[in-house]
Amino acid sequence: MHSPRERSEVRPRAGWMVMGKRGRPSALDVCRVLAVFLSLFPTVSLQCKILKCNSEFWASTSNSGPEEEFCTALRAYNSCVRRTARTCRGDLAYHSAQHGIEDLMSQHNCSREGPTSQPHARTALPPPPPPLTPDSQERSDGPEMCHYERSLPRNTAPPNYTHCGFFGDPHLRTFGDDFQTCKVEGAWPLIHNKYLSVQVTNTPVVPGSMATATSKLTIIFKNFQECVDQKMYHAETDELPAAFADGSKNGGDRHGANTLRVVEKVPGQHVEIQARYIGTTIVVRQVGRYLTFAVRMPEEVVNSVEEGDDQDLYLCLHGCPANQRIDFRNFKARSAEAQSTGRPHSTAAQGFTYQSAKAKCKERLPVEDLYFQSCVFDLLSSGDINFTMAAYYAFEDVKMLHSNSKRYHIYEKDSFLNNAPQRGKDFLSLLLLNVLAVLLWIECCTAHL
């Protein structure tokens, strides 16, 4: 794995190519392109099959056998995973499998070229690996390369740390300090780079409502040089572990293992994961029945993009897709209007009016910034008083993790200005797509004349 100090390579992308006269498509070709374009543009719903690849591989290697047989099964596993690349791009299990295959091929000296076979099931399962000894949990912090700030060249400026938070119904503060309220039901990736991946699963808070909140969280820390083994942390409602999925509390058996640690702050409520080898701190909480996430990460690590990955879907970097965002200003205006006219708001049956929600949020969040507004929004949309504390702790995490004290509070005007460039991009993209569709339609029609 490369060091965080290496620059990400930016590769040119293929664009539209203008065909000459000899390459002019037939009318049938153009019509086909138009039909496919218009049918696929609204949405693409494909099922990720990575779990099938995983189960077939582990079934085929459940008993120890010759090294050649293991490498054959591993190449078959690699082929299966490669076939899922398109449908599993945003799935953490897919990225974990990719890195696991690389490690296994290296450990067993398997070549990429060679025979593959369909996996076949075996009967007995191997015994589980022995638990880590106490000595392995108390290793020294390791070489300087396992400390992000120590590994930086001398006389260089200190790293620029950024923050992302995800909490409540749900609300997102991106690495660029853009604040959004989103729908994002189901599984969504928050972060994915060369060093770690984070994915959340959001479930409905109230049946029939757009309100969702985070019920599951998975974090994968990838192998890093001499410092840490690959580790996975998984949390869900009423299960906030004080250890990684394998039971360990640090980065494994390597010399710099303690530069990755899980620290339990409040049992079942507050866990902190320190990854000093990449200068990163993650805070996971359970508030009520739902989870919150906050991270402090160097800008260089944030932008360490995997080769060939444009990161368009990763929420902490680019925010929620436009069609998944909730218009915070409109919701607030409608709630205030319902209150002033005496008409019941659609969520008043949940136990809060606009004024009573503001009063309750004011108890914990005296400054009427977007954390305060998100608290009001959550009480109105869900009626769950625990969301008051979710917003409060999200702001407390900002004060602990954000590097600029002047940016702790974000107000509506800040959010509006931050969203302006994205709104311009969304409008331009939509305009270009409409123009393209019209041109294809004209080409299709005139070709028959």
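This briefing walks through the sheet, the nonpolar cores, the aromatic pairs and two backbone details of the structure above. The model is a predicted one. Seven strands make up an open sheet, and helix α12 lies across five strands, β1, β2, β9, β10 and β11. The largest nonpolar core has 45 residues, with strand β11 giving the largest share of them.

**The seven-stranded sheet**

- Reading across the open sheet, the strand order is β3-β2-β1-β11-β10-β9-β8, with antiparallel pairing.
- At the edges are β3 (179–181) and β8 (260–266), each of which pairs on one side only.
- From one strand to the next, the twist averages 10°.
- Within this sheet, β10 (residues 280–287) and β11 (residues 290–298) are antiparallel partners, joined over seven bridges.
- Where these two strands meet, V287 stands opposite Y290 of β11.
- Helix α12 covers residues 386–401 and runs at about 165° to β10.

**Strands β4 and β5**

- Strand β4 (residues 186–192) is largely enclosed by the rest of the structure, because five of its seven residues are buried.
- Its antiparallel partner is β5 (residues 196–204), and six bridges join the two.
- A hairpin of three residues makes the connection from β4 to β5.
- One facing pair to look for is A187, which stands opposite T201 in β5.

**Nonpolar cores**

- As a general background, nonpolar side chains in soluble globular proteins tend to be buried together.
- In the 45-residue core, the residues that touch the most other members are I191, I219, F221, I273, Y277 and F293.
- Strand β11 contributes four residues, the largest share of this core.
- Leaving aside neighbours within four places in sequence, I191 is in contact with F175, L196, S197, V198, F293, V295, M297 and C316.
- Apart from this core lies another one of 20 residues, among them F167, F179, Y354 and L380.

**Aromatic rings and charges**

- The structure has nine aromatic pairs.
- F167 and F179 form an edge-to-face pair, because their ring planes stand at 65° with the centres 6.3 Å apart.
- This pair links distant parts of the chain, with F167 in strand β1 and F179 in strand β3, twelve residues apart.
- Both rings belong to buried residues: F167 has 3% relative accessibility, and F179 has 4%.
- Together with Y371 and F395, F167 and F179 form one aromatic cluster.
- Two charged side chains also sit over rings: K362 lies over the face of F372, at 5.4 Å from the ring centre, while the charged end of R364 is over the ring of Y392, 5.1 Å from its centre.

**Positive phi values in loops**

- N109 has a phi near 55°, which is positive in a residue other than glycine.
- This residue lies in the loop between α4 (92–107) and α5 (134–137), and N109 counts as exposed at 71% relative accessibility.
- Q225 is not a glycine either, yet its phi is positive at about 40°.
- The loop that holds Q225 runs between β6 (212–221) and β7 (231–236).
- With a relative accessibility of 32%, Q225 counts as partly exposed.

Terms used
Residues numbered from 1 in each chain as written. Predicted model: local features only at pLDDT ≥ 70, side-chain atom pairs only at ≥ 80, totals over all residues. Heavy atoms only, no water. Buried < 20%, exposed > 50% of the residue type's maximum accessible area, 1.4 Å probe, protein only. Pairing = 2+ DSSP bridges. Core = buried A, V, L, I, M, F, W, Y, C linked by side-chain atoms within 4.5 Å. Contact = heavy atoms within 4.5 Å. Axes fitted to C-alpha atoms, helices over the stretch in contact; angles between N-to-C directions. Phe/Tyr/Trp six-rings, centres within 6.5 Å; stacked < 30°, edge-to-face > 60°. Lys NZ or Arg CZ within 6 Å of the ring centre and 35° of its normal.
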